[in-house]
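Here is a note to read alongside the model. Please keep the structure open and go through the points in order.

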Amino acid sequence: MSEHQWPYRLLAPGPVPVPPPVLQAMSAKVLHHRTPEFEKILREVWVGLKFVFATQQSVQIIAGTGSAAMEAAVCNLLSPGDQVLAVVSGKFGERWAEQCERYSIKVHRLDVPWGDPVKLEDLEAALKSHRAVKAVFSQVCETSTATVHPIQKMSQVIAKNSQALFCVDAITAVGCMPLPMDDWGLDCVVAGSQKAFMIPTGLSFIAFSERAWKVQAQSRLPKYYLDIGAERAANAKGETHFSTPTPLVVGLNLVLKQMQSRGLNLVIERCQALAKATREAGAELGLQTYSSSPSSSVTALKTPTGTNSAQLRDWLEKERNITIMGGQDSLKGKIIRVGHMGYILNDDMTALVRALGEGLKSEGVQKAVAVLEKHLNSVEPLFT
Ligand SMILES: Cc1ncc(COP(=O)(O)O)c(C=O)c1O
């Protein structure tokens, strides 16, 4: 393994850096998933997940990445012949629409310009033109454009104009912005372990409202591994339906306990401070915010004309050992994306801003660092 002279800094919008005590706990030993010791941990994790999702419903764990939970929403809540409305405002919106189509579901797409939030009047009009839709699918934060949709208001519009279930991909939202599932009337919420949950990729989470569970019981799309009803039945006996990557659950338990003892607000405020600091520091460096509805979990910054963001990203990786993400499809070469979830210390951000300043040959570095300090010194990370 080659040693880099610079410390490794992972500042992507997932996977994210894992807090050192969590890494340690995950590597202590491998528990068997059918033991009293693991059952105790599982029960604690289920309580912690309900706390973070802000729901009275159970939250099911899937051994699979976020896309598995997205697919579980489709095959558990729909039946052959159903129609849905899918908000498509970037790569992940496209994915959910494609997953529905793969199950032969008729998808009405509500295309939203990349970087913009959905307009409520467009949502209302789409619901009125497609009265048969059984579900509306939307990202909370469309990670490919770092844009947040007005989920609470969307939920109200959907409830007022249809009987459709509202399913949200909150993979870069749960735990990094307010999203109270029950209060906002969300019927299905999916999340992923490698984001605000601060552990490696490999687990995803899914929760259904009471109404959604009734639909789940009647759903006729094929499902086996992703049968969330079977998972819930196993959970009622204190078990998981299949084998479980126990080290990930052990790490998750530690993070959830810390979130419960220090408060979810702290985690959310830390993400918000990092996002604000990144937008303002970016502006000092000549990088403008891309989105018109920027997220607190990830920020997309436009690189100046003449600077290819993919080259800037490669330079950061090779020369400074810092991982961030670039843009996809039409945004390739035009934006960089910086994540705000996970164990990110103030030093990591200062190093990034200095490196960006160097890569861009910007004169605004001192001001950018001052902006970072102003925002970040006030909010501690979850693990210090
Ligand atoms: C909003 C959103 N949806 C879906 C996914 C896909 O999740 P995964 O890569 O864990 O399957 C991601 C991953 O970054 C995401 O950010």
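**Notes on the predicted model**

1. Origin and overall dimensions. The structure is a predicted model, not an experimental one. The C-alpha atoms of the chain fill a box of roughly 60 × 55 × 35 Å along the principal axes. A compact globule with 384 residues would have a radius of gyration near 21 Å, and the chain has 21 Å, so the two agree.

2. Make-up of the chain. The chain contains 13 helices and 15 strands. Of its 384 residues, 51% count as buried. Take the contacts between residues at least 6 apart in sequence: 74% of these join residues at least 24 apart.

3. Domains. The domain assignment gives domain 1 as 9–16 + 263–376 and domain 2 as 31–261. Domain 1 is thus written as two stretches of sequence. Taken over C-alpha atoms, the centres of domain 1 and domain 2 are separated by 27 Å. The contact between them takes 28 residues from domain 1 and 27 residues from domain 2.

4. The side of domain 1 that touches domain 2. Which elements give two or more residues to this side? They are α10 (264–285) and β12. The largest share, four residues, comes from α10. By class, the residues of this side divide into 14 nonpolar, twelve polar and two charged.

5. An open sheet. Four strands form an open sheet in the order β11-β12-β15-β14, with antiparallel pairing. The edge strands, β11 (288–289) and β14, each pair on one side only. Strand β12, which appeared in the previous point as part of the side of domain 1 that touches domain 2, is joined to β11 over two bridges in the antiparallel sense. In that pairing, T289 stands opposite L301 in β12.

6. Strand β15 and its partners. Five bridges join β12 (residues 298–302) to β15, and the two run antiparallel. On the other side of the order, two bridges join β14 (residues 325–326) to β15, also antiparallel. R337 of β15 has a place in both pairings: A300 stands opposite R337, and R337 is the bridge partner of M325.

7. Burial of β15. Are the residues of β15 (residues 335–339) buried or exposed? Five of its five residues are buried, and the strand is mostly covered. I335, R337 and G339 point one way from β15, while I336 and V338 point the other way. Both groups are buried, and the arginine R337 is in the first group.

8. The ligand shell. Which residues are around the ligand? They are G14, T65, G66, S67, F92, Q139, T143, D169, I171, T172, G192 and T201. By class, this shell has two nonpolar, nine polar and one charged residues. One of the residues around the ligand, G14, also takes part in the bond described next.

9. A cis peptide bond. Most residues other than glycine have a negative phi, and most peptide bonds are trans. The bond that joins G14 and P15 is cis, with omega about -5°. P15 is in the loop between β1 (9–10) and α1 (20–27).

10. Two positive phi values. A146 is not a glycine, yet its phi is positive, about 55°. A146 lies in the loop between β6 (141–142) and β7 (147–148). K361 is not a glycine either and has a positive phi of about 55°. K361 lies in the loop between α12 (346–360) and α13 (365–376).

11. Surroundings of those two residues. Why does A146 count as buried? A146 has 32 other C-beta atoms within 10 Å, and a residue is buried if that number is 20 or more. K361 has 8 C-beta neighbours inside 10 Å, so K361 counts as exposed.

12. V189. This residue is in strand β9 (residues 188–192). V189 counts as buried because it has 31 C-beta neighbours inside 10 Å. Not counting residues up to four places away in sequence, V189 touches F53, V168, A170, V174, M181 and A207. V189 and V59 are 130 residues apart in sequence but 9.1 Å apart in space, C-alpha to C-alpha.

Conventions:
Residues are numbered from 1 along each chain as its sequence is written. This is a predicted model: local features need pLDDT of at least 70, side-chain atom pairs count only at pLDDT 80 or more; totals for chains, interfaces and linings use all residues. A residue is near a molecule or strand if its C-beta atom, placed from the backbone, lies within 6 Å of it. Ala, Val, Leu, Ile, Met, Phe, Trp, Tyr, Cys and Pro count as nonpolar, Asp, Glu, Lys and Arg as charged, and the others, Gly among them, as polar. A residue is buried if 20 or more other C-beta atoms lie within 10 Å of its own, exposed if 12 or fewer, and partly exposed in between; C-beta atoms are placed from the backbone. Two strands pair if DSSP finds at least two bridges between them. The radius of gyration is taken over C-alpha atoms; the globule rule is 2.2 Å times the number of residues to the power 0.38. Two residues are in contact if their C-beta atoms, placed from the backbone, lie within 7 Å. Domain bounds come from an automatic or database domain assignment.
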